[in-house]
Amino acid sequence: EFLKTQLVVTAWERKRMKEKVSFGKRTNLPMMEQRRSLPIYQMRSELVKAVKENQFLVIVGETGSGKTTQITQYLDEEGLSGKGIIGCTQPRRVAAVSVAKRVADEMGVKVGSDVGYTIRFEDQTSPKTRIKYMTDGMLQREALLDPMMSKYSVIMLDEAHERTIATDVLFALLKEAGKKRPDLKVIITSATLDSAKFSKYFLDCPIINIPGKTFPVEVMYSTTPTMDYIEAALDCVMNIHINNDPGDILVFLTGQEEIDSCCEILFERVKTLGDTIGNLLILPIYSALPSEIQSKIFEPTPKDTRKVVLATNIAETSVTIDGIYYVVDPGFSKVNSYNSRAGMEQLVVTSISQAQANQRKGRAGRTGPGKCYRLYTESAFYNEMSRNSVPEIQRQNLSHTILMLKAMGINDLINFEFMDPPPKSLMVSALNDLYNLEALDNDGYLTKLGQRMSQFPMDPTLAKTLVASVSNECSEEITIIVSMLSVQNVFYRPKGKQQEADLKKVNFHHPYGDHLTLLNVFKAWERNNYSERFCELNFLHYRHLKKANDVRKQISQLLQKFGLPVTSCHGDPDVIRKTLVSGFFMNASKRDSQVGYRTIRGNNVVGIHPSSSLHGKEFEYVIYHSLVLTAKEYMSQVTSIEPGWLIEMAPHFYKEIGSDSQSRKRLKIQPLYNKFSKDQNSWRLSSIRQTREK
Ligand code: ADP
Ligand code: MG
């Protein structure tokens, strides 16, 4: 039965083949065959019919069944893109890009033409685009200008089970848009079985299950708790490689550094064993990896070689790697979590949920019966892991999201139809932050400044800094600094050459700190005609700098679009630092000779990160971009400031409580909000309540 369906060339395929031939494009027959062998192919007509007949539809299917790459094409082939774009959101940037490329390949077109993608600071679409992949964050941003989603005929919220903040917000926005636009089709796709909840939320819409072609996976648990999961994972991989039948291995780790160092260790171990064991191809995958390297994991494994892919949880559902027989699951992932009391966001390594563990296990059963090695005990799985992961919206900083909602005129946050509402404490701290940044007024309404800030796709603190730079006439410099902060670390420290690299880095150091150091790096690269050679010589990541330059251009264009001048202060460090203070005054720390530094806001003990250009130096007051928690709490991207600036730039937040001596530098400062916090509850609630009344 299955074979038969595979052999029938449907009318639309014939049409497409003809078109391709007539346009002289290559017809990719193997790819077409592969498309037809996907489980979803047998559901094609049922799916298309269901989309035509229902406004909302939930589609559930195993990872790899073809949801992301096929549904959009089916709908396009059936003419649903005639009245508007078929949009498909992805929680991850990498997935949006790689899937768009794959679909363009399958359709025999170039990315950016009929098929395109949009991610932050990168738009690869054209007026011709009929199928558009994008991050959920980008669609949320589009809703700011066009809440009716009028460009789209169909929107597919893909990977809905990931429950990112943007997807959660889009649930509500699209439900609302759907009410006003009966012709808008909304599809929610998910890899796991929480479909009933999605269906209930979307007015009890139908659920379609894609039957998966999956094989049984045998699960092996550790008999004793694992002390060092990295060591255990490496041992497990070597064991499989040496003792087990052929089949590729997928290992789940928590982040880039961990993955890179594990790749190296594995490489060394394989080298030491030499010819006594088979070939092992070691490949990493994480979001920050350049796409050329990423696409390597999709290539078929060479003969007589075993592939091991070391991945973050990106490989749980977002990308599918064929040929995996063994999964190694240490049981951890890195999640972003906001501590509203401390007022900071942290990436923390935490235990995964049972749902995630099962998703990981499933990766081993796509090509044949597989094995999953859980590096934790069976009792830990049942008794210590939660059933489902907590949605992002219930654990992350919401200030960016709330700013966008307020900018859309959604003031009533209490009655906003969240699928799972965030805890009040998170909403309140976001409202507080926005109020402190002067994006909201006393009643919780958007100010003019807040309106402006919402137009920039970045964290509100950065947006505020950028807006302030316009009036301080240093927008050129701040644009560069903001761009450099929004890309990955530009300093390159290869193993074995770390000292050499550090010496080069010192050349760029600015005595006042990291923000100005970043500016120095960019300016020096600019003076050297943006050359790659310059980067090599100075241990800088060319790719990251190039990205920063792209971001810089995008931000400059945004400034121009809003009629805001791009002006330079010719590098005046005080003007730049004051401007930074106007966005980051809440992230200020004061020296405490006993412990290092203490944050002014929370009085928490922090240190200057060893990678900072201010490390080992002593300044009375500093601001920082973010806090990172490793062995200890560190401030990252630190710049020294004059305490008086805190009062000058944020008089609503700080007050002077006298000085130790005559010197201004010894000025004592205290955040006003401590005094204000008694009434804060009433302010917070009234601002939420008031918004409800309007
Ligand atoms: P789903 O969204 O249901 O997880 P996808 O549509 O992403 O499934 O993938 C369907 C199949 O297409 C995968 O099983 C894989 O074989 C193939 N595929 C997807 N992306 C790529 C790619 N970038 N390179 C090669 N094959 C791919
Ligand atoms: Mg998918």
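## The shell around ligand 1

In this predicted model, helix H5 contributes the most to the shell around ligand 1, giving 4 residues. H5 covers residues 67-77, and both H5 and helix H6, which covers residues 93-107, each supply at least two residues of that shell.

The shell has 15 residues around ligand 1, and those that come nearest are Gly64, Lys67, Thr68, Thr69 and Phe298. Sorted by class, the shell around ligand 1 holds 10 polar residues, 3 charged residues and 2 nonpolar residues.

## How H5 packs against H4

Helix H5 also packs against helix H4, which spans residues 44-53, and the two helices meet at an angle of about 70 degrees with their axes 10 Å apart. Since angles from 65 to 115 degrees count as roughly perpendicular, H4 and H5 are therefore roughly perpendicular to each other, and their crossing is right-handed.

On the H4 side the contact involves Arg44, Leu47, Val48 and Val51, which meet Ile71, Tyr74 and Leu75 in H5. By class, this contact of H4 with H5 has 6 nonpolar residues and 1 charged residue, with no polar residues.

## An open sheet of parallel strands

Strands of a sheet pair through backbone hydrogen bonds, and this pairing can be either parallel or antiparallel. In this model, an open sheet of 6 strands shows parallel pairing, and its strands follow the order E9-E16-E13-E10-E12-E11. The edge strands are E9 (217-221) and E11 (279-285), each of which pairs on one side only, while the twist from one strand to the next averages 20 degrees.

Within this order, strand E10 (residues 248-252) and strand E13 (residues 324-329) run parallel and are joined by 4 bridges, and leucine 250 stands opposite valine 327 in E13. Helix H11, made of residues 256-273, lies across E11 and strand E12 (305-311), and H11 runs at about 175 degrees to E11.

## The pair H19 and H20

Another helix pair is formed by H19 (residues 460-471) and H20 (residues 475-485), which pack at an angle of about 165 degrees with their axes 8 Å apart. Because angles over 145 degrees count as roughly antiparallel, H19 and H20 are roughly antiparallel to each other, and the crossing of these two helices is left-handed.

The contact is made by Leu462, Thr465, Leu466, Ser469 and Val470 of H19, together with Ser475, Ile478, Thr479, Val482 and Leu485 of H20. By class, the contact of H19 with H20 has 6 nonpolar and 4 polar residues, and no charged residues.

Note on methods:
Residues numbered from 1 in each chain as written. Chains lettered and ligands numbered in written order. Predicted model: local features only at pLDDT ≥ 70, side-chain atom pairs only at ≥ 80, totals over all residues. Near = placed C-beta within 6 Å. Nonpolar A, V, L, I, M, F, W, Y, C, P; charged D, E, K, R; others polar. Pairing = 2+ DSSP bridges. Axes fitted to C-alpha atoms, helices over the stretch in contact; angles between N-to-C directions. Contact = placed C-beta atoms within 7 Å. Parallel < 35°, antiparallel > 145°, perpendicular 65-115°, else oblique. Left-handed = near helix turned anticlockwise from the far one by under 90°.
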